[in-house]
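Q: Please take one part of this model and describe it closely, working outward from individual atoms to the wider setting. Give the cut-offs behind each term as you go.

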There are 2 protein chains.
Amino acid sequence: MPKQAAAEPPELAGCCSALTAEPLTTDEAEVLSQRFKALGDPVRLRLLSLIASHEGGEACVCELTTGFDLSGPTISHHLRVLREAGLIDGQRRGTWIYYRVLPEALRTLSQALRPAAAMI
Amino acid sequence: MPKQAAAEPPELAGCCSALTAEPLTTDEAEVLSQRFKALGDPVRLRLLSLIASHEGGEACVCELTTGFDLSGPTISHHLRVLREAGLIDGQRRGTWIYYRVLPEALRTLSQALRPAAAMI
DNA sequence: GCGCTGATTTGAAGACTGTCAAGGTAGAAG
DNA sequence: CTTCTACCTTGACAGTCTTCAAATCAGCGC
């Protein structure tokens, strides 16, 4: 795993309630918006999608850099943002570092956006 | 409805597939990331939550500005970002402007983040 | 018409973000 | 130990975003 000083995945505040059911608290909004912000870049979304849909649920960085017209450091930067948002996790195996998505985090976001039953 | 030049809600590219099932195309990532970026700010998330959870499914701007330590123009700016992302819609009734969420847009995002069945 | 209230637009300042080149680390192989 | 590959970090720059004050627009009532 990369060295990387701080960057614990943030707590899942109020994990299961929908955004649409009742107003978010300031703290909940802070945590959720940090994750949505991480998804708010097309490169990061594609990276996440590539990792999630890759065979075995994980992908090596070398498999991610191809397919982007971006430098290695830039891909590395985006992976770090996804990691610090608690959306993915990296593991070193030999020379390569493999990333996988943390499904629980995706589920939390998906749930938060689920429209309230009364609204449909 | 506010004047506002361009800003049609963007097309729902590939509306129902999950991010985790197969890699996003560049275009899909562009559309989705624009919406996630709009959610990537705690103020906007709270605004969306306030509107969605408000009685009747809609809220007047005057009801939104209270509860934030922000100027009117700033709230207006965030509402515009949400509107241009296709997440909310505004309607003028007399002196007041009422905003409501577009549930379809939320559903699209929620679906995109739904973890693949095989992953759980 | 004039003024008042609610909401947006404009313009500007400061903070933040995406990107790359250059340099640094970690493990494997000679 | 030296070198090579894979990946990360640092430093810097251009572009974008958040915020506010000031000005503007839209409707209502006098």
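**Around the nucleic acid**

A: A:Thr74 places a polar side-chain atom 2.6 Å from a phosphate oxygen of DNA strand C, a polar contact here being a pair of N or O atoms within 3.5 Å (within protein, one must be able to donate a hydrogen and the other to accept it, and residues adjacent in sequence count only if both atoms are side-chain atoms). The model is a predicted one, in which local features need pLDDT of at least 70 and side-chain atom pairs count only at pLDDT 80 or more, whereas totals for chains, interfaces and linings use all residues. Residues are numbered from 1 along each chain as its sequence is written, chains are lettered from A and ligands numbered from 1 in the order in which they are written, and side-chain values use heavy atoms, with hydrogens and water left out.

For A:His78, a side-chain N or O atom is 2.4 Å from a phosphate oxygen of DNA strand C, and chain B takes part through B:Tyr99, which has a polar side-chain atom 2.6 Å from a phosphate oxygen of that strand. These three residues, with B:Cys60 and B:Ser76, are the closest of the 25 residues that surround DNA strand C, a residue being near when one of its heavy atoms lies within 4 Å. Of the atoms of DNA strand C that come within 4 Å of the protein, sugar and phosphate make up 83%.

The surface near DNA strand C is made up of 10 nonpolar, nine polar and six charged residues, where Ala, Val, Leu, Ile, Met, Phe, Trp, Tyr, Cys and Pro count as nonpolar, Asp, Glu, Lys and Arg as charged, and the others, Gly among them, as polar. Helix 4 (72-84) of chain A supplies at least two of these residues, as does each of helix 3 (61-65), helix 4 (72-84) and strand 3 (96-101) of chain B; helices (H or I, at least four residues) and strands (E, at least two) are DSSP runs, numbered from the N terminus. Helix 4 of chain A gives the most, with four residues.

As for the relation between the chains, chain B can be laid on chain A with an RMSD of 0.0 Å by a turn of 180° and a shift of 0.0 Å along the axis, the superposition being by least squares on the C-alpha atoms of residues with pLDDT of at least 70 in both copies. The two copies are thus related as by a two-fold rotation axis.
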